[in-house]
Amino acid sequence: MSLREALNIPSSQITDEAVYRDRRRLLAAFALSPALGLSGCAEAEAPPPPKAAPPSPEQIKAGFRTDEVQTSYADVTSYNNFYEFGTNKGDPSAADKTLRTSPWTVAVGGACAKPGKLSLEDLIKGLAPQERVYRLRCVEGWSMVIPWLGVPLADVLKRFEPTSKAKYVAFTTLADRKQMPGIAYPSINWPYREGLRIDEAMHPLTLLATGLYGKPLPQQNGAPLRLVVPWKYGFKSIKSIIAISFVEHRPLTSWNDLQSNEYGFFSNVNPAVDHPRWSQKTERRIAGTGSKLFADRIPTRLFNGYGEQVSSLYAGMNLRTWF
Ligand SMILES: Nc1nc2c(c(=O)[nH]1)N[C@H]1C(S)=C(S)[C@@H](COP(=O)(O)O)O[C@H]1N2
Ligand SMILES: [Mo]
């Protein structure tokens with residue numbers, strides 16, 4: 001049974017993945033503008049899309065793109081963790097589309113020379129959207145391969161001129177009861193918060209995503225702006241960001257705050273460090289069309305397979321202590 005069937009969503013409501021693949025080049029230009037991206041006429045007037053290039057050896061080496069089988073659009077957008085819209089996997093996609101993603105403002109402050117409150121458009125102005133095809137490994141033991149659109153977080157952060165006191169970066173999700181029905185329940189100590197050490201935030205793999213499959217991010221995937229940190233467990237990739245702050249001390253992060261013996265601040269994917277209640281040695285990869293909710297397990301890799309790119313960030317650190 002596919003996820004779609006499991007979640008009981010009529011396939012007529014979901015455009016075939018192949019269609020999205022063809023459309024993604026066309027829509028890439030609009031992915032940063034939700035209004036345009038969703039409008040049929042903007043699409044019709046756009047010039048023909050450039051041909052999708054397969055990942056180059058350089059892109060594969062940098063970790064920017066994997067050529068592994070991608071998770072279908074239907075699965076990426078219907079099997080979600082976004083507790084602001086409910087704690088079941090199907091809740092976020094089934095929820096009414098109540099999140100107002102435009103206008104969207106992000107406050108950037110703390111230890112930097114140029115703090116500011118910017119519209120999403122101004123925040124990423126002049127930065128060309130890049131496609132990154134990353135593995136996403138959830139701490140629960142499932143994984144996906146997702147083609148994101150976004151800009152390197154480093155390129156955005158540099159504009160605010162962080163000072164030498166900026167040792168960490170803290171992120172906050174919107175928490176508005178009127179737009180997010182899950183806020184009524186104290187599943188998380190709202191707002192959802194996450195954080196990275198400054199060198200992790202500045203790493204070229206760390207992405208601020210605005211889209212996936214060449215389309216603007218759907219509400220359930222963290223519209224209109226979310227973090228993607230591919231070598232860490234999925235919960236570090238915070239959704240629907242409204243504030244970014246440069247801080248001197250390790251910031252509070254939601255899952256660590258909820259259960260610190262189970263969820264560390266670093267949360268680097270690591271098959272050698274089990275979750276207290278389950279093994280992290282393997283994962284079920286939800287990929288391809290007709291993928292199974294309980295796919296065969298594959299081995300989980302240290303740093304989710306991005307060790308070549310990121311292991312130097314943790315040189316000399318005991319990854320068991322700093323899980
Ligand atoms: N604000 C917020 N961000 C969040 C979450 C959440 O509940 N709230 N869930 C996290 C978890 S546990 C995972 S695995 C990923 C899932 O991202 P996806 O639904 O786009 O695949 O989002 C992360 N970001
Ligand atoms: Mo997760």
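Which atom of ligand 1 is 2.9 Å from an N or O atom in the side chain of Asn-221? That atom is an oxygen. Keep in mind as you look around that this is a predicted model.

## Who surrounds ligand 1

Let's start with the neighbours. The shell around ligand 1 has 16 residues, and those that come nearest are Asn-80, Tyr-83, Glu-84, Ser-237 and Lys-239. Sorted by character, the shell splits into seven nonpolar, six polar and three charged residues.

As for where all this happens, ligand 1 sits in the second largest pocket.

## Polar contacts and burial

Asn-80, one of the nearest residues, has a side-chain N or O atom 2.8 Å from an oxygen of ligand 1. The side chain of Asn-221 also offers an N or O atom to a ligand oxygen, here at 2.9 Å.

With Ser-237, the backbone does the job: one of its polar backbone atoms is 2.9 Å from a nitrogen atom of ligand 1. Taken alone, the ligand would expose 530 Å², but the protein buries 98% of that.

## A stop at His-203

Now for another residue to look up in the structure. You'll find His-203 in the loop that runs between helix 10 (198-201) and strand 7 (207-212).

Is His-203 buried or exposed? It counts as buried, because its relative accessibility is 10% and the cut-off for buried is under 20%. The side chain of His-203 also has a partner: it reaches the backbone oxygen of Gln-309 at 2.9 Å.

Technical notes
Residues are numbered from 1 along each chain as its sequence is written. Chains are lettered from A and ligands numbered from 1 in the order in which they are written. This is a predicted model: local features need pLDDT of at least 70, side-chain atom pairs count only at pLDDT 80 or more; totals for chains, interfaces and linings use all residues. Side-chain values use heavy atoms; hydrogens and water are left out. A residue is near a molecule or strand if one of its heavy atoms lies within 4 Å of it. A polar contact is a pair of N or O atoms within 3.5 Å; within protein, one must be able to donate a hydrogen and the other to accept it, and residues adjacent in sequence count only if both atoms are side-chain atoms. Accessible areas come from the Shrake-Rupley method with a 1.4 Å probe; for residues, only the protein chains shown count as cover. On a 1 Å grid over the protein atoms alone, a cavity is a set of points where a 1.4 Å probe fits but cannot get out, and a pocket is an open set with protein on both sides within 12 Å along at least five of seven lines; lining residues have an atom within 4 Å of a point. A molecule sits in a cavity or pocket if more than half of its atoms lie within 2 Å of its grid points. Ala, Val, Leu, Ile, Met, Phe, Trp, Tyr, Cys and Pro count as nonpolar, Asp, Glu, Lys and Arg as charged, and the others, Gly among them, as polar. Helices (H or I, at least four residues) and strands (E, at least two) are DSSP runs, numbered from the N terminus. Buried means under 20% relative accessible area, exposed over 50%, partly exposed in between (1.4 Å probe, protein chains only).
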